[in-house]
Amino acid sequence: MNLKLAFLWPKVMEYFVFITICFSLTPKKAYQDAPEAWQMGFQDPATPVMQGIIDLHHDISFFMLVILVFVIWMLSRTLYHFREGNNPVPEKILHGTTIEIAWTIAPSLILVFIAIPSFALLYSMDEVVDPAVTVKAIGHQWYWSYEYSDYNQSDEESVAFDSYMIPEDDLSVGQLRLLDVDNRVVVPANLHIRLIITSADVLHSWAVPSLGIKCDAVPGRLNQVSMFIKRQGVFYGQCSELCGANHGFMPIVVEAVSLQDYVAWVANKLEEA
Ligand code: CUA
């Protein structure tokens with residue numbers, strides 16, 4: 001290391017320690033419910049399902065880290081001890097029953113330890129708890145439309161609307177480019193909601209990261225997912241199945257509000273109809 005660098009190094013370290021402390025002491029001001037530039041991790045979870053997904057990711061990452069360290073350690077020892085200089089005449093051993101049993105059993109046990117939480121999460125996601133509200137999302141080229149059939153008086157849809165992305169030129173201050181829409185999906189927070197997802201033309205996919213939902217919209221088929229949003233907020237998502245030229249321009253915005261606000265919103269929509 002040259003002299004200049006040697007002098008600089010403690011300063012650099014000091015800087016990093018300072019930054020780390022600053023970040024850890026800064027209280028979290030707002031939840032992150034939309035993607036951000038250079039994002040590395042998940043968005044903040046707003047449903048128990050997304051919390052479960054994040055926990056499972058951390059669980060599996062732990063196994064990955066242990067395996068990674070073990071494999072690197074074994075590989076370096078092998079390369080070191082069995083290099084030609086150290087070991088000019090190669091061994092002729094072909095079998096080792098003990099080690100073969102060990103290296104078969106150990107990975108299968110690891111897989112079992114990964115499978116248990118994975119299946120628990122999978123089946124909990126499948127659960128449809130008696131829903132308070134049912135929302136139908138229909139994918140179109142290239143926008144989403146929504147129907148709230150709970151409030152129908154006749155065969156006519158009373159609460160139904162289209163949801164288009166706001167074009168770049170029409171954005172107002174604070175709105176997110178390629179993410180904000182003209183009509184948001186308004187749902188109550190802290191209530192079980194059933195989502196019915198389908199498509200009117202080609203395959204689309206209704207996906208909102210912080211809600212932990214990604215469900216294909218298939219023409220001629222109804223897919224069902226349930227969600228329970230733990231907090232009020234505005235959650236951003238995008239169509240996640242390549243559906244044509246404007247695939248990138250049919251975002252999803254879910255607004256979770258209090259029950260009172262939701263009832264008021266529905267009443268307002270019913271009046272419009
Ligand atoms: Cu709709 Cu991609």
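Here is a short walk through a predicted model, taking its largest pocket and then an open sheet.

Let us begin with the empty space. Rolling a probe the size of a water molecule over the atoms shows where such space is left. The largest pocket found here has a volume of about 470 Å³. Its lining counts 24 residues, and those nearest the centre are Val49, Ser124, Met125, Asp126 and Ser226. By class, the lining is made of 15 nonpolar, 6 polar and 3 charged residues.

Where does the largest pocket lie with respect to the domains? Both domain 1 (48–86 + 96–126) and domain 2 (133–272) give residues to its lining, so the pocket lies between them. Looking at individual elements, helix 2 (48–81), helix 3 (97–126), strand 7 (213–217) and strand 8 (223–228) each supply at least two lining residues. Strand 8 gives the most, with 5 residues.

Strand 8 also leads us to the sheet. Strands of a sheet pair through backbone hydrogen bonds, either parallel or antiparallel. In this model, 5 strands form an open sheet of mixed pairing, in the order 3-2-1-5-8. Strand 3 (159–163) and strand 8 are at the edges with a single partner strand each, so one side of each has no neighbour in the sheet. From one strand to the next, the twist averages 25°.

Now follow the sheet to strand 3. Its pairing with strand 2 (residues 143–148) is antiparallel and runs over 5 bridges; Tyr146 stands opposite Phe161 in strand 3. Helix 4 (residues 259–272) packs on the sheet, where it touches strand 1 (133–140), strand 2 and strand 3. The direction of helix 4 makes about 95° with that of strand 3.

Technical notes. Residues numbered from 1 in each chain as written. Predicted model: local features only at pLDDT ≥ 70, side-chain atom pairs only at ≥ 80, totals over all residues. Heavy atoms only, no water. 1 Å grid on protein atoms, 1.4 Å probe; cavity = no way out; pocket = protein on both sides within 12 Å on 5 of 7 lines; lining within 4 Å. Points joined across faces, edges and corners; volume = space filled by probe spheres on them. Helix = DSSP H or I, 4+ residues; strand = E, 2+ residues; numbered from the N terminus. Nonpolar A, V, L, I, M, F, W, Y, C, P; charged D, E, K, R; others polar. Domains from an automatic or database assignment. Pairing = 2+ DSSP bridges. Axes fitted to C-alpha atoms, helices over the stretch in contact; angles between N-to-C directions. Contact = heavy atoms within 4.5 Å.
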